Amino acid sequence: MTALTALLTGISVFYVAGALLGRPERGPRPRRDSLRVWLVQAGAGVTPPQFILASVGAIGAALLIAWGISGSLVVGLFPALAAGLAPRAYFSGLRRRRLAEVRQAWPDGLRDLAAGVGSGLSLAQAISALARDGPAPLRTAFASFDLISRIHGVVPALVAIRDDLADPASDRIIEVLVVAHERGGPLTRQLLVDLADATTRDLWTAEMIRTDQLEQKINARAVFALPWLVLLFLTATVPEYRAFYGSTQLGTTVVVVGAVFSGAGLWLASRLSRDEEEPRILGGAT
């Protein structure tokens, strides 16, 4: 049984590491670069090794706490592995909020650009005004535009901002701005207005999809977490449960089988409810 527990521990750590690092890329970019871009999107300010170290530290701390509460290593193991996903969940939330703020600011930002171009400003001047007076998320994103555009030009400045945002929706918009700057013409203002309208419709559609899926995602995670919280409570408060799960072969078997079914159910629910992220065709790999 000790060998079985060790084997299952290794398998669980393997899948947790896979969840932390993401799926393998089919292109030439290594997985570590994919994680780096993901952290940039979250505005995390940490490197991939620091992120992995924090995840491993969360597993170790949660394992010690759960082991101390339950008196059983195998009972504490799987909640600890779940706790290892806490840094990823935290930065995922930051990433979603940051990208959502930028995306939701684009329609107003594009209309500001259209108004500036309509009043006689060049597109570069309108973008500079957007960096000073536009919506707050875009002011942050375009804070370096003036400096980079003076040194390297408008197009390299837009490309640098696009790479910093690392967002498919922003990729498309900034690519249109690049083309509008290079080719210009009297249709620039109407192009910006049409782009703002199209971006607004995309945001409405994405918000409807997220709202429809929210309840199912919450239920799936609650169904996985609640049995383990109840088990920890019972082993911490009832001596018979503590002895059964902490020192008997049958108790270990029950926990292992329950963990396998819980993990499989959570994986299946996550796969069925997962939103496929739009690939970055214009701006590079995701």
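## Exercises on a predicted model

Asp146 touches Ser128 and Arg132, leaving aside residues up to four places away in sequence. Keep in mind as you work that this is a predicted model.

**Exercise 1.** Find the helix that holds Asp146, then describe how Asp146 and Ser128 are joined.

*Solution.* Start with the place in the chain: Asp146 lies in helix α8, which covers residues 145–152. Next, look at the side chains. Those of Asp146 and Ser128 are joined by a polar contact of 2.6 Å. For a view of the backbone, take Ala124, which is 22 residues from Asp146 along the chain. The C-alpha atoms of Asp146 and Ala124 are 9.1 Å apart.

**Exercise 2.** Work out which residues of helix α6 are buried and which helices they pack against.

*Solution.* Helix α6 spans residues 123–133. Its buried residues include Ser128, the partner of Asp146 in the polar contact. Also buried in α6 are Leu123, Ala124, Ala126, Ile127, Leu130 and Ala131. Now turn to their surroundings: the buried residues of α6 pack against α5 (86–118), α7 (136–141), α8, α9, α10 and α11 (188–237).

**Exercise 3.** Decide how helices α9 and α10 are oriented to each other, and say what kinds of residues make up their contact.

*Solution.* First, note the geometry. Helix α9 (residues 154–165) packs with helix α10 (residues 168–183) at an angle of about 180 degrees, and their axes are 10 Å apart. Angles over 145 degrees count as roughly antiparallel, so α9 and α10 are roughly antiparallel to each other.

Second, find the residues that meet. On the α9 side they are Val154, Val155, Leu158, Ile161, Arg162 and Leu165. On the α10 side they are Ser170, Asp171, Ile174, Glu175, Leu177, Val178, His181 and Glu182. Sorted by kind, the residues of this contact are eight nonpolar, two polar and four charged.

**Exercise 4.** Classify the ring pair of Phe51 and Phe91, and decide whether each residue is buried or exposed.

*Solution.* A pair of aromatic rings is described by the distance of the centres and the angle of the planes. For Phe51 and Phe91 the ring centres are 5.9 Å apart and the planes stand at 55 degrees, so the pair is tilted. This pair links distant parts of the chain, with Phe51 in helix α3 (residues 48–70) and Phe91 in helix α5, 40 residues apart.

For burial, the cut-off is under 20% relative accessible area. Phe51 has 1% relative accessibility, so Phe51 counts as buried. Phe91, at 11%, counts as buried too. Finally, add the neighbouring ring system: Phe51, Tyr90 and Phe91 form one aromatic cluster.

Definitions and conventions. Residues are numbered from 1 along each chain as its sequence is written. This is a predicted model: local features need pLDDT of at least 70, side-chain atom pairs count only at pLDDT 80 or more; totals for chains, interfaces and linings use all residues. Side-chain values use heavy atoms; hydrogens and water are left out. Helices (H or I, at least four residues) and strands (E, at least two) are DSSP runs, numbered from the N terminus. Contact means heavy atoms within 4.5 Å. A polar contact is a pair of N or O atoms within 3.5 Å; within protein, one must be able to donate a hydrogen and the other to accept it, and residues adjacent in sequence count only if both atoms are side-chain atoms. Axes are lines fitted to C-alpha atoms, for helices over the stretch in contact, and angles run from 0 to 180 degrees between N-to-C directions. Angles under 35 degrees count as roughly parallel, over 145 as roughly antiparallel, 65 to 115 as roughly perpendicular and the rest as oblique. Ala, Val, Leu, Ile, Met, Phe, Trp, Tyr, Cys and Pro count as nonpolar, Asp, Glu, Lys and Arg as charged, and the others, Gly among them, as polar. Buried means under 20% relative accessible area, exposed over 50%, partly exposed in between (1.4 Å probe, protein chains only). Rings of Phe, Tyr and Trp (its six-membered ring) pair if their centres lie within 6.5 Å; planes under 30 degrees apart count as stacked, over 60 as edge-to-face and the rest as tilted.
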